[in-house]
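Thanks for sharing this one. Here are a few friendly notes on how the inside of the fold is put together.

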Amino acid sequence: MVLILMGPPGCGKGTQSKMLEEHYGLPQLATGDMLREAVKNGTEVGRRAKEYMDRGALGPDDLIIEVMRERMGRKDCADGFILDGFPRTPAQAEALGGLLKELGKNITAVVNLDVADEEVVRRLAGRRACLSCGATYHIAFSPPKAEGRCDKCGAKLVQRSDDNEGTIRERLSVYRAQTAPLISLYGKQGALRNVEGTGSIKGIFEKICSLIDKEMRQ
Ligand code: AP5
């Protein structure tokens with residue numbers, strides 16, 4: 001199974017894809033998480049990506065495509081994967097098509113989570129993340145049991161440096177200009193499934209699972 005989660009920043013791609021990873025036993029390949037890890041480890045990829053991430057712009061296509069080519073070729077991807085944050089440009093979508101062909105896989109579904117801009121700003125401004133295990137919380141909508149500490153591993157929760165209102169608005173405008181055109185591209189290919197991204201996290205998860213299960217039965 002190859003599932004793509006799409007939608008604006010803060011629509012819930014990370015939250016839902018982590019739940020789907022556990023439910024379907026397939027790895028979540030989140031480009032944002034991979035780039036943040038590279039920045040933390042001071043690698044060449046991290047060094048190149050950081051300046052783009054800090055200002056809410058997209059990293060260079062060639063860099064992202066190379067990172068994903070390497071990741072998709074690993075053993076744990078043999079039965080498929082869940083893409084969170086890739087592809088994000090027409091060039092990345094084209095490259096993904098080629099990579100899947102090489103791997104002998106097809107896209108099962110592209111789930112587009114639809115969320116309004118003001119909700120995105122509310123969600124991202126209140127998001128807290130665990131740098132140790134990657135779990136995500138929201139100070140009001142899904143708070144941790146103990147303030148500032150991860151429920152899963154107990155590590156300290158932090159606010160991402162790009163989760164300030166100015167950078168969030170820039171990320172939204174980058175999304176509209178460079179990523180939103182992929183919605184019609186995948187619509188034309190018949191792979192697109194729109195899901196309302198506002199509502200309970202569990203309710204949205206159930207909707208996504210039911211449409212994936214339907215695709216898998218066909
Ligand atoms: P990335 O990390 O992918 O950021 P993003 O797309 O902006 O998405 P987010 O992680 O901010 O949001 P999300 O949709 O995962 O929402 P979440 O589930 O956390 O990318 C960061 C940067 O890396 C980019 O700006 C770019 O520079 C670079 N990059 C990454 N991929 C790239 C690529 N392919 N090409 C080039 N550059 C790339 O939820 C958000 C909050 O809302 C959380 O607090 C959560 O608890 C809460 N929440 C979730 N669901 C709900 C709900 N239903 N109701 C209420 N609250 C909810």
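The points below take the nonpolar cores and then strand E1.

1. A word on the basis: this is a predicted model, where local features need pLDDT of at least 70, side-chain atom pairs count only at pLDDT 80 or more, and totals for chains, interfaces and linings use all residues. Residues are numbered from 1 along each chain as its sequence is written, and side-chain values use heavy atoms, leaving out hydrogens and water.

2. The largest nonpolar core (buried Ala, Val, Leu, Ile, Met, Phe, Trp, Tyr and Cys residues joined through side-chain atoms within 4.5 Å) has 26 residues. Buried here means under 20% relative accessible area with a 1.4 Å probe, protein chains only. Among the residues with the most contacts inside this core are Met-72, Phe-81 and Leu-83. Elements giving it two or more residues include strand E1 (2-6), strand E3 (81-84) and helix H4 (61-72); helices (H or I, at least four residues) and strands (E, at least two) are DSSP runs, numbered from the N terminus.

3. A second, separate core of 23 residues includes Leu-3, Leu-26, Leu-124 and Ile-168.

4. Five of the five residues of E1 are buried, so this strand is largely enclosed by the rest of the structure. Val-2, Ile-4 and Met-6 point one way, and Leu-3 and Leu-5 the other. In a regular strand the side chains alternate between the two faces of the sheet.

5. E1 runs parallel to E3, joined by four bridges, and Val-2 stands opposite Phe-81. Four bridges also join E1 in parallel to strand E4 (residues 109-114), where Met-6 has Asn-112 as its bridge partner.

How values were computed:
Buried < 20%, exposed > 50% of the residue type's maximum accessible area, 1.4 Å probe, protein only. Pairing = 2+ DSSP bridges.
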